[in-house]
Amino acid sequence: MKILVAGELNVDLVLQSSGSFPAPGREVLVDDATLTLGSASAICAAGLAKLENHVVFAGKVGADTWGDLCIDSLRQLGVDTALVVRDPAVKTGLTVSITSASDRALITYLGSIAELRENDIRDQDFQGVGHLHVSSFFLQVGLRPGLRALFARASRLGLTTSLDPGFDPLEEWTSDLLDVLTEVDIFLPNEVELHSISGSGDCLEALRNLRNGRTITVAKLGADGCIAIVDGSVVSVPAFRVMPVDTTGAGDSFNAGFLSAWLRGKPIADAMQFGSACGALATQALGGTAAQPAEIDANNFIAANFREAK
């Protein structure tokens with residue numbers, strides 16, 4: 001399957017902490033630091049490529065060393081970067097991720113993240129592509145106004161579509177996202193995003209609030225697994241129990257696993273389970289891409305967990 005990921009590109013400075021998060025005016029020490037490829041879109045793209053999909057990335061970076069790192073990393077991970085634009089007028093974005101085994105905090109400089117536009121992706125770029133995925137709706141301020149039109153073009157050309165909203169740093173959760181969802185096949189929020197976008201603190205009510213006659217919402221609930229409503233029936237899959245090293249990008253690796261399985265025709269429950277396995281395994285190393293599994297690794301992990309449960 002050839003998949004186009006249109007999204008943000010940035011580097012991540014991951015600071016691993018086993019102690020407390022910093023408070024204003026205070027300093028804390030961390031246990032490790034890694035400068036690596038970041039961005040929800042890029043981590044998902046890398047996960048899809050690891051699962052033997054042909055992945056093309058459309059995005060923008062600056063003509064700087066951070067941009068070099070992003071493009072070189074994507075290429076090494078098997079992602080086609082032919083549609084990545086180098087723009088000397090902007091700086092490549094940066095996220096500082098302070099992460100522990102249980103949680104993380106993010107600080108982001110948008111830079112080139114905000115510069116991708118709907119008209120940067122031409123109809124000819126969809127040639128031979130079967131699916132379009134976009135992450136980080138709220139961060140991609142340049143793409144956001146034209147995203148519904150982009151998804152509509154993709155659908156007219158025969159592609160299926162998916163969206164991960166990401167967190168809204170302004171915490172406004174505006175209704176334009178609901179308009180975009182009318183052109184989206186698969187919606188992949190986490191628990192905080194699900195409740196904030198739907199206006200409900202109850203998962204099932206939130207899922208029902210988001211029904212629009214087209215979109216299947218698959219909500220990632222962390223340690224509580226994932227849940228969806230499909231054809232009126234609730235589908236719930238428990239999480240795999242692992243001791244995480246770094247949770248950065250776990251949801252994006254879930255997306256990669258789910259989409260890879262779903263695009264191969266797997267039932268929703270099986271795709272959710274495969275996504276959960278990919279997300280769990282991705283937490284076993286620092287950074288979002290270092291521990292992403294191949295298909296055989298995810299399948300072996302699922303099988304091993306079933307044997308242990310018996």
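**Cysteines, ring pairs and nonpolar cores**

Let me begin with C44, which is buried, its relative accessible area being 0%. Please keep in mind throughout that what we are looking at is a predicted model.

Staying with C44, how far is its sulfur from the closest cysteine sulfur? The partner to consider is C278, and the two sulfurs are 10 Å apart, which is too far for a bond. C70 is likewise a buried residue, at 0% relative accessibility, and for the sulfur of C70 the closest cysteine sulfur is that of C44, at a distance of 16 Å, so a bond is again ruled out by distance. Since a disulfide requires the two sulfur atoms to lie within 2.5 Å, neither the 10 Å from C44 to C278 nor the 16 Å from C70 to C44 qualifies, and the count for the structure comes to 0 disulfides.

I turn now to the aromatic rings, where the structure holds 5 aromatic pairs. One of them joins F167 and W173 in an edge-to-face arrangement, with 5.4 Å from centre to centre and 85° between the planes. The two partners sit in unlike surroundings, in that F167 is partly exposed, with a relative accessible area of 41%, whereas W173 counts as buried at 14% relative accessibility.

Another pair brings together F240 and F301, whose ring centres are 5.0 Å apart and whose planes meet at 55°, so that this pair is classed as tilted. What does this pair link along the chain? It connects distant parts, 61 residues apart, with F240 placed in the loop between β13 (233-237) and α7 (250-263) and F301 placed in helix α9, residues 295-309. Here F240 is buried, at 14% relative accessibility, and F301 is buried as well, with a relative accessible area of 15%.

Coming back for a moment to F167 and W173, these two belong, together with F137 and F138, to a cluster that is linked by ring pairs.

My last topic is the nonpolar interior. As a general point, nonpolar side chains in soluble globular proteins tend to be buried together. In this model the largest nonpolar core has 46 residues, and the members that touch the most other members are L9, L48, F57, F258 and M272. Which helix gives the most to this core? That is helix α8, residues 268-281, which contributes 8 residues. Apart from this one there is a second, separate core, made up of 35 residues, and among its members are V56, L116, I121 and L221.

Terms used. Residues numbered from 1 in each chain as written. Predicted model: local features only at pLDDT ≥ 70, side-chain atom pairs only at ≥ 80, totals over all residues. Heavy atoms only, no water. Buried < 20%, exposed > 50% of the residue type's maximum accessible area, 1.4 Å probe, protein only. Phe/Tyr/Trp six-rings, centres within 6.5 Å; stacked < 30°, edge-to-face > 60°. Helix = DSSP H or I, 4+ residues; strand = E, 2+ residues; numbered from the N terminus. Core = buried A, V, L, I, M, F, W, Y, C linked by side-chain atoms within 4.5 Å.
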